[in-house]
Structure formats: structure tokens, C-alpha cells
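This briefing looks at one helix and the strands and loops around it. Please keep the sequence and the model in view while reading.

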Amino acid sequence: MKAKTLRLTPRQKRKFHIRKNVTGTAERPRMSVFRSAKHIYVQIIDDAVGGTLVATSTMSKDLRANTDGDKTQAAKRVGVLVAEMCKSKNITAVAFDRNGFRYHGRIKALADAAREAGLDF
């Protein structure tokens, strides 16, 4: 019987290459972004402990009511919200993990909005 080979999508290949180099520490946690067809999710993760410090998305109660605009505008709102949540937990700098997604569109809009709101990466 032959062993099955694991086929990876191009995004999974990019993700593995990124995660080899990007890790989160207590001083500089990892900001992981996931983009689905409708929503965008962000987590601030301390890999040394293995726990999530901050998490938000377009599904959160703060952003669910404000649905006007397109998905890029929603990503910008998530970026501002995650930066505010990080400030409340005294997190000023993060390592950005784009999770294998190309850095354009909603991912870029979220990152730029988080930078403008005061998050350093």
C-alpha cells in the first residue's frame, strides 16, 4: 500500500514559510490575521505561553451593528478595534503574521489601520 502524499495549497506553503520565522513573545506577541470570504479575524497570540491575549473580528458585537461599507472598510474598523484592545492591555508592538495571505486588499487595509491607531509593527 502506498503512502498518501499531502498536497498543500499555495497559501498553506506560504503560511509554513512565514511561521518558521514569525513567533510571538511576551514583549512582542504575534498578530495573526485570517480572511474568509465574508469576514476577517485577528488574534494577538503569545506563542511562549500558547495563549490568545486579544481577539476580534467583523463578527464581534462592537462591529456587527455597523455593517455599512464594503469588506475593506470593515477590515479597517477591525484594525482600529484590535489596536485599541491592545492598548488597553499595554501591548504596543506586535509581529504581523499575514497567515499566508498576500499583503494587499483587506489584509493591507487592516494592517494600515492598526498602525495608524498606534500599534507598532
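The buried residues of α4 are covered by elements that include β1 (30-35), β2, α3 (71-88) and β4 (95-97), where contact means heavy atoms within 4.5 Å. The model is predicted, so that local features need pLDDT of at least 70 and side-chain atom pairs count only at pLDDT 80 or more, while totals for chains, interfaces and linings use all residues. Residues are numbered from 1 along each chain as its sequence is written, and side-chain values use heavy atoms, with hydrogens and water left out.

**Helix α4**
- Helices (H or I, at least four residues) and strands (E, at least two) are DSSP runs numbered from the N terminus.
- In α4 (residues 106-116), the buried residues (under 20% relative accessible area, 1.4 Å probe, protein chains only) are Arg106, Ile107, Ala109, Leu110, Ala111, Ala113 and Ala114.
- Gly118, just after α4, takes a positive phi of about 115 degrees.

**Strand β2 and its partners**
- Because five of its seven residues are buried, β2 is largely enclosed by the rest of the structure.
- β1 and β2 run antiparallel and are joined by six bridges, two strands being paired if DSSP finds at least two bridges between them; Met31 has Ile44 in β2 as its bridge partner.
- β2 also pairs with β3 in the antiparallel sense over six bridges, and the bridge partner of Val42 in β3 is Thr56.

**The turn at Gly50**
- Gly50 lies in the loop between β2 (40-46) and β3 (51-57), a hairpin with four residues between the strands, and has a positive phi of about 85 degrees.
- Gly50 counts as exposed because its relative accessibility is 63%, the cut-off being over 50%.
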